[in-house]
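Please open the structure in your viewer and keep the selection tool at hand. The tour below suggests what to select at each stop and says what is found there.

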Amino acid sequence: MRRVRAVMALASLWCHQDAYRRSFAQSVLRFLGFIFWGAAVAHMFGGVAVILIFKNYRYLFQEAYLSLPGWLALVTALILLPTGVLAVSISVKSSCNQQGTLMYLLLLLLCLEMSSVALARSYCVRTASPLESAISYLVHQHNWTCSQDPGSSAVDEIQRKLHCCGVHNYTDWLKASSLHHPTCVPESCCKEKHSLCRGDLGHVEQLSEEGCLKKLEDQLCFSMLYIFWSCIVLSILEILAAVSNCILMRRQPFRELSMLDSYVFSQYYMY
């Protein structure tokens with residue numbers, strides 16, 4: 001009798017703890033489902049930002065594969081949407097097919113995000129030197145004159161978009177200039193608020209102070225680091241979702257002993 005009561009108490013305690021774990025796992029999955037939808041929007045934003053940087057400055061980045069982290073972020077964003085739907089759905093009503101599909105999607109997302117993390121980290125470091133060489137080449141190849149006609153070359157476009165001047169600062173134009181025009185820089189170096197600026201070195205306060213290399217590096221590294229850290233955080237949340245899903249999928253080892261906690265069994269044992 002004592003042994004049966006101990007088994008009944010153990011089974012009851014296990015069932016109570018398992019029910020609590022399942023309820024907690026459902027709540028976590030429901031919360032993470034909404035988080036995944038928001039993360040999809042954030043990933044899409046980061047992916048588009050990286051793609052636009054390489055598209056707008058394609059004459060500086062010759063390798064097409066450099067925009068790969070951006071495309072991976074867009075694919076991740078698209079997969080996050082159905083993943084969020086499944087997480088919310090499973091938190092309401094569990095289904096073996098839905099739970100299995102969710103695990104496959106989480107595994108696929110982890111693979112995509114680890115690839116994005118590796119690429120984003122390496123690109124932020126590896127592109128600095130080629131970027132400096134490309135901008136320096138454009139500066140030295142630029143053919144400008146001290147006129148009122150603004151230039152329309154690639155380097156002029158960069159300087160207008162980034163509000164910068166030269167590779168490191170305006171003195172790079174002095175090194176690249178010929179003896180025929182050493183007293184001015186391209187008008188694309190002028191600050192927007194100085195509408196009368198003509199690139200005259202006698203008024204350096206009217207010129208952009210920062211070089212284009214630092215501004216472009218800052219933009220690129222910010223976008224890459226955005227993808228890097230968002231993937232790291234999202235990977236942790238996906239592991240948490242996988243653990244919660246496993247809790248809902250696991251078989252209860254005391255299920256066959258549930259009859260021990262019933263009124264029918266107690267009445268039967270008394271007789």
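Begin by selecting Cys 165 and Cys 189, both of which are buried. What you are looking at is a predicted model, and in it a disulfide joins Cys 165 to Cys 189, with an S to S distance of 2.2 Å. The link of Cys 165 and Cys 189 is right-handed, with 80° about the S-S bond. Cys 165 lies in the loop between H5 and H6, whereas Cys 189 lies in the loop between H6 and H7, so the pair ties together parts that are 24 residues apart in sequence.

How many disulfides does the count come to? The count is two, and for the other one you can select Cys 164 and Cys 212, which are joined with an S to S distance of 2.0 Å. The torsion about the S-S bond of Cys 164 and Cys 212 is about 90°, so this disulfide is right-handed. The pair links distant parts of the chain, since Cys 164 sits in the loop between H5 and helix H6 (171-176) and Cys 212 in helix H7 (residues 212-249), 48 residues apart. Cys 164 and Cys 212 are both buried.

Two further cysteines can be selected for their accessibility. Cys 111 counts as partly exposed because its relative accessibility is 45%, and Cys 246, with a relative accessible area of 39%, is partly exposed as well.

Next, select helix H5 (residues 154-162), where Val 155, Asp 156, Ile 158, Gln 159 and Leu 162 are buried. If you turn the view to look down the axis of H5, its buried residues fall within an arc of 160°, so they line one face of the helix. As general background, an α-helix has 3.6 residues a turn, so residues three or four places apart point the same way. Step on to the residue that follows H5, His 163, whose phi is positive, near 55°.

For the last stop, select Phe 34, Trp 37, Met 44, Val 48, Leu 52, Leu 78, Leu 81 and Val 85, which together make a nonpolar surface patch of about 690 Å². Which helices each supply at least two residues of this patch? They are helix H1 (2-56) and helix H2 (68-92), and the largest share, five residues, comes from H1. Finally, pick out Leu 81, which lies in helix H2 and counts as partly exposed because its relative accessibility is 38%.

How values were computed. Residues are numbered from 1 along each chain as its sequence is written. This is a predicted model: local features need pLDDT of at least 70, side-chain atom pairs count only at pLDDT 80 or more; totals for chains, interfaces and linings use all residues. Side-chain values use heavy atoms; hydrogens and water are left out. Patches are made of residues with over 30% relative accessible area and no salt bridge: like charges are joined within 9 Å, nonpolar side chains (Val, Leu, Ile, Met, Phe, Trp, Tyr) within 5 Å. Accessible areas come from the Shrake-Rupley method with a 1.4 Å probe; for residues, only the protein chains shown count as cover. A salt bridge is a side-chain nitrogen of Lys or Arg within 4 Å of a carboxyl oxygen of Asp or Glu. Helices (H or I, at least four residues) and strands (E, at least two) are DSSP runs, numbered from the N terminus. Buried means under 20% relative accessible area, exposed over 50%, partly exposed in between (1.4 Å probe, protein chains only). The arc is that of the directions from the helix axis to the C-beta atoms. A disulfide is a pair of cysteine sulfur atoms within 2.5 Å.
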